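I opened my notebook beside the viewer and wrote down what I looked up, one entry at a time. Follow along on your own screen if you like.

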Amino acid sequence: MPNWTTDIPQDPRGHALPLLRTPAARPLAAIVTSNDLVGCDTHFWGGHTVPCDADDCDACQHGAAYRWHAYLSAYNPDDQLHFIFECTANAAEAFAKYRVEHGSLRCCSFTAYRWRKTRNGRVIIRCERSGVPPAALPKAPDLTEVMAVIWRLPLPNVFQAGTQRGHPRIHADPDGNGESPDPRDYVKSNP
Ligand SMILES: [Zn+2]
């Protein structure tokens, strides 16, 4: 017999936001909700983008190429989607410039698009200050915790909370909106 409940189980790892990359065919426009971005070296390994675990990294030990990616949280008022946006270091320079000028990324309205609309075309990002007041935006998540959820990394509070039997697995599509990383950047990771 199933153990029916009327309460929706809360994942002890916290809330998972979808991870989006810049689509090829159309621009992605949203407003940043986090004050800053976080970034780390990643590998394209086993068909997914995974963080480089510097101390004990399987991908590094196999000579996989790595690439730094930036992550920030953003909100699209049109469809009310709060998500994690991923981009490369090159693309993230627009955010770094905005951060210097405005002291924070929160409320930065940005548009990201792919050069020549190709699937792995270089991402270009334009930033401007949005007229949206900070209070109208969703509260920013803890970016490193959200990335830990997406990447299924252990978190201290998960061990405290334990895991709930039968809880639906967290769904995080590592390919975001279906875009794949540029295979030329990951040649070494595809033996
Ligand atoms: Zn590594």
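**Entry 1: a threonine**

In which strand does Thr49 lie? I found Thr49 in strand β4. Before going on, I noted that this is a predicted model.

Next I asked whether Thr49 is buried or exposed. Thr49 has 22 other C-beta atoms within 10 Å, so it is buried; the cut-off for that is 20 or more.

I also looked up Tyr66. From C-alpha to C-alpha, Thr49 and Tyr66 are 9.7 Å apart, with their positions 17 residues apart in sequence.

**Entry 2: the strand pair around it**

I then looked for the partner of β4. Strand β3, residues 38–45, runs antiparallel to β4, residues 48–51, and four bridges join the two. In this pair, Val50 of β4 has His43 opposite. The two strands make a hairpin with two residues between them. I checked the turn as well: Gly46 there has a positive phi of about 65°.

**Entry 3: the whole chain**

Time to step back. I counted four helices and eight strands in the chain. Read from the N terminus, their order is β-β-β-β-α-β-β-α-β-β-α-α. The chain has 191 residues, and 29% of them are buried. Of the contacts with a separation of 6 or more, 73% are between residues 24 or more positions apart.

**Entry 4: the cores**

Which residues touch the most other members of the largest nonpolar core? My list reads Leu72, Ile84, Phe85, Cys87, Phe95 and Ala112, out of 32 residues in that core. I then asked which elements supply at least two residues each, and found β1 (19–20), β2 (28–32), β5 (66–76), β6 (81–88), α2 (89–102), β7 (108–114), β8 (123–129) and α3 (143–151).

A background reminder to myself: nonpolar side chains tend to be buried together in soluble globular proteins.

I picked Cys87 for a closer look. Beyond its neighbours within four places in sequence, Cys87 is in contact with Thr22, His69, Ala70, Ala92, Ala112, Val123 and Ile125.

Another core, of six residues, lies apart from the largest one. Phe44, Ala59, Ala64 and Tyr66 are among its members. I had met Tyr66 already, 9.7 Å from Thr49 by C-alpha.

**Entry 5: β7 and its two partners**

How many of the seven residues of β7 are buried? I got five, and β7 is mostly covered.

On one pairing, β7 runs antiparallel to β2, joined by four bridges. Here Ala112 in β7 is the bridge partner of Leu28. On the other pairing, β7 and β8 are antiparallel over seven bridges. There Arg114 stands opposite Val123 of β8.

**Entry 6: a leucine in β2**

Leu28 deserved its own note. Leu28 lies in strand β2. Why does Leu28 count as buried? Because Leu28 has 22 C-beta neighbours inside 10 Å.

Setting aside residues up to four places away in sequence, I found that Leu28 touches Leu20, Thr22, Pro23 and Ala112. Leu28 and Arg114 are 86 residues apart in sequence, yet their C-alpha atoms are 9.5 Å apart in space.

**Entry 7: two helices**

I took α2 first. Its 14 residues reach 20 Å from the first C-alpha to the last, close to the 20 Å expected at 1.5 Å a residue. The buried residues I noted in α2 are Ala91, Ala92, Phe95 and Tyr98. Their cover includes β3, β5, β6, β7 and β8. After α2 comes Gly103, with a positive phi near 85°.

Then α3. Its buried residues are Val146, Met147, Val149 and Ile150. These four cover an arc of only 155° around the axis, so they sit on the same side of α3. Their cover includes β1, β5 and β6. Arg152 follows α3, and its phi is positive too, near 60°.

**Entry 8: confidence**

Last, I checked how far to trust each part. The chain averages a pLDDT of 79, and 76% of the residues score at least 70. Which element has the lowest mean pLDDT, and which the highest? Helix α4, residues 156–161, has the lowest at 42, and β2 the highest at 97. Over residues 157–191 pLDDT stays under 50. For that stretch the model has 53 contacts beyond four places in sequence.

Technical notes
Residues numbered from 1 in each chain as written. Predicted model: local features only at pLDDT ≥ 70, side-chain atom pairs only at ≥ 80, totals over all residues. Pairing = 2+ DSSP bridges. Buried ≥ 20, exposed ≤ 12 C-beta atoms within 10 Å, placed from the backbone. Contact = placed C-beta atoms within 7 Å. Core = buried A, V, L, I, M, F, W, Y, C linked by C-beta atoms within 7 Å. Arc of directions from axis to C-beta. Expected span 1.5 Å × (residues − 1). pLDDT = per-residue confidence, 0-100.
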